[in-house]
Amino acid sequence: MSARRTGRTLPLHLVLAVVGVAMAVPLVYAVLSGFKSTDQLSRNPIGLPDPWVTGNYTDILGSSSFWQLLGSSTLIAVGTTVVVVAVSALAAFSFARFAFRGRETLFTLFTMGLMFPFAVAALPLFLLLRSMDLLDNPLGVILPQAAFGLPMTIVILRGFFREIPAELEEAATLDGCGPLGFFWRILLPMARPALGTVSVLAVVASWNNFFLPLLVFNEPTWWTLPIGVQQFQGQYSSEYARIFAYLVLAMVPALAFYSVAERQLVGGLTAGATKG
Amino acid sequence: MTSTFLPDKRSTPGADRPPPATAAAGRTRRRVLHWLTAVGFQVPALVLFGTLVLLPMLFAVYAAFFRWGGFGMPEDFIGGDNFTRLFQDPVFLGDLWRCLVLVALSLVLQLPFALALAVALNQRIRGRAVYRMLFFAPYILSEAITGVLFGMIFAPDDGLADQLLGTFGLDGLGGQWFADPDTVMATLFLVMTWKYFGFHMMLYLAGLQSIPAELTEAALIDGAGPWQRFRHVTLPLLAPTLRISVFLSVIGSIQLFDLVWIVTAGGPDHHSETMAVTMFQYGFKRYQVGYASAISVAMFGISLVFALAYQRFVLRRDLEGATTTMRGGGS
């Protein structure tokens, strides 16, 4: 019985293993290449490092510029998340718990924002930020990122807020709770898992954003990790091993975050796609 | 902003006070206050969305009718000339064609591949948690990291791809990858599949898990084979998820920028250029901002027409109820 089961699933295991190898090889190759010198990499591109060179990794970790990128990316991701979640929660509350004239139109406007390509707004946005003196300023990335994150966040939060029973709101009103009191003291604490989900999505989107920081930051002061990766490649274009080490170190925070917040991330992405 | 809904609080005790003659006026007043409260919560979102999303979008539409270098205000009005030029521009027409190619490849190869793996991982099979994590992991990595990584993996001769092929004696299959006009799109699609299929797989897995096991079991008892069960039970029930996934995939192809910009910047000789890349080239490198705006508007128009048509004809069934049966807690 058990042998028959294994026999039947053998082709399946084979397929999964092949795909798994194809997915893993680029990542493993990057890690191993980071442990070679560029000279060794060109002589021995596929095999294990011999000797293992740790200089590429330690050099990058010892340089202040890598940590500065990490700091900027973190600050901008946190700032974006705080703004987009706070503003979206207020709007989603109104969409979910109030009946008011113009609600449908307004909600349609926000959901249409789901398909506004950022690239379309890029040029005028750049000019706007320049006139507001927000170039080379972290707010110049935080605020537009938050604005473009609103539609998705509002749609997801509205779905969660609507699931909270109306009886709770009636009870709160009878106890003398105004709309703001209900929102702050009852709704938000109850929606903590949903807030976690949208926060995780906002952090990942901000962390990986490339286009906007590319436009806004001319000076390296506030460069984020994706810009840093591209610049590093330009700067050390012939030193392959160093670039691989850099890529691997740049991957670590995102993958670590994924392993911690996997459930919120996957839950949020699927909720965002199906509840919209 | 806080003051917007304070009056509403006070209006609750005050509502009993007016004599019967002014009850109607009181009701109107209360309704206005209710509306102000509801809209008050929207103000921050409206300000943010209005200034940083809608305003730039509208301005792009305006600027598309001018010859404009991006300094000062647009003054040289040229009507629809930018759009006429657009549809004679071989690069832009090529962008459209490449977009169609990517959409077709995604629908025919990437999404079925993701579906097959989702079905495989939906079974009790050893190591499925590891596979799921591994297949989804590239989606978490930034386009910058992915782009630089694969730019080096597909570097002609020195890169891993050519080295591996050489090791297996398949040098003939090696090549210039991103540097060859004939293979650049195929290579790009390969990288896109590596990065994005895991996301669609996760969507399908979530959809598959919501299908009650009783249904497939019933079909099994009725004597349906594995393919029949998939074709007549699983697939129809997965349809809403599939429709959403197709939608996201198409919109993603229309708006593709980061990965292309980092790996090829549209080259060699425009052979991997996308609409967003062309827009960026004209807007930020050549200072033809009016023309770049016209490209933006065309992109938005294409996204919008696709989205509306798709919602009208394909998603209608899934969205029923989502926009029609909203209950308001405040009333």
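**Exercise 1. Work out whether B:Trp177 is buried or exposed.**

Start with the cut-offs: a residue is buried if 20 or more other C-beta atoms lie within 10 Å of its own, exposed if 12 or fewer, and partly exposed in between, with C-beta atoms placed from the backbone. Next, take the count: B:Trp177 has 24 other C-beta atoms within 10 Å, so B:Trp177 is buried. This is a predicted model, where local features need pLDDT of at least 70, side-chain atom pairs count only at pLDDT 80 or more, and totals for chains, interfaces and linings use all residues. Residues are numbered from 1 along each chain as its sequence is written, while chains are lettered from A and ligands numbered from 1 in the order in which they are written.

Now place the residue: B:Trp177 sits in the loop between α8 and α9 (184–209) of chain B. Helices here are DSSP runs (H or I, at least four residues), as are strands (E, at least two), numbered from the N terminus. Finally, check the backbone: B:Trp177 has a positive phi of about 50°, though it is not a glycine.

**Exercise 2. Do the same for B:Leu165, which lies in helix α8 (residues 160–167) of chain B.**

Count first: B:Leu165 has 15 C-beta neighbours inside 10 Å, so it is partly exposed. Then look along the chain: B:Gly175 is 10 residues from B:Leu165 in sequence, and their C-alpha atoms are 9.8 Å apart.

**Exercise 3. Find what is odd about the backbone at A:Asp136 and at A:Pro51.**

Keep the usual picture in mind: most residues other than glycine have a negative phi, and most peptide bonds are trans. A:Asp136 isn't a glycine, yet its phi is positive, about 55°. You'll find A:Asp136 in the loop between α6 (118–131) and α7 (139–162) of chain A. With 14 other C-beta atoms within 10 Å, A:Asp136 is partly exposed.

For A:Pro51, look at the bond leading in: the peptide bond from A:Asp50 to A:Pro51 is cis, with omega near -5°. A:Pro51 is in the loop between α2 (38–43) and α3 (55–62) of chain A.

**Exercise 4. Describe the contact between chain A and chain B.**

Two residues are in contact if their C-beta atoms, placed from the backbone, lie within 7 Å. On that basis, chain A puts in 74 residues and chain B 75 residues. Helix α1 (residues 2–34) of chain A gives the most to chain A's side, with 11 residues.
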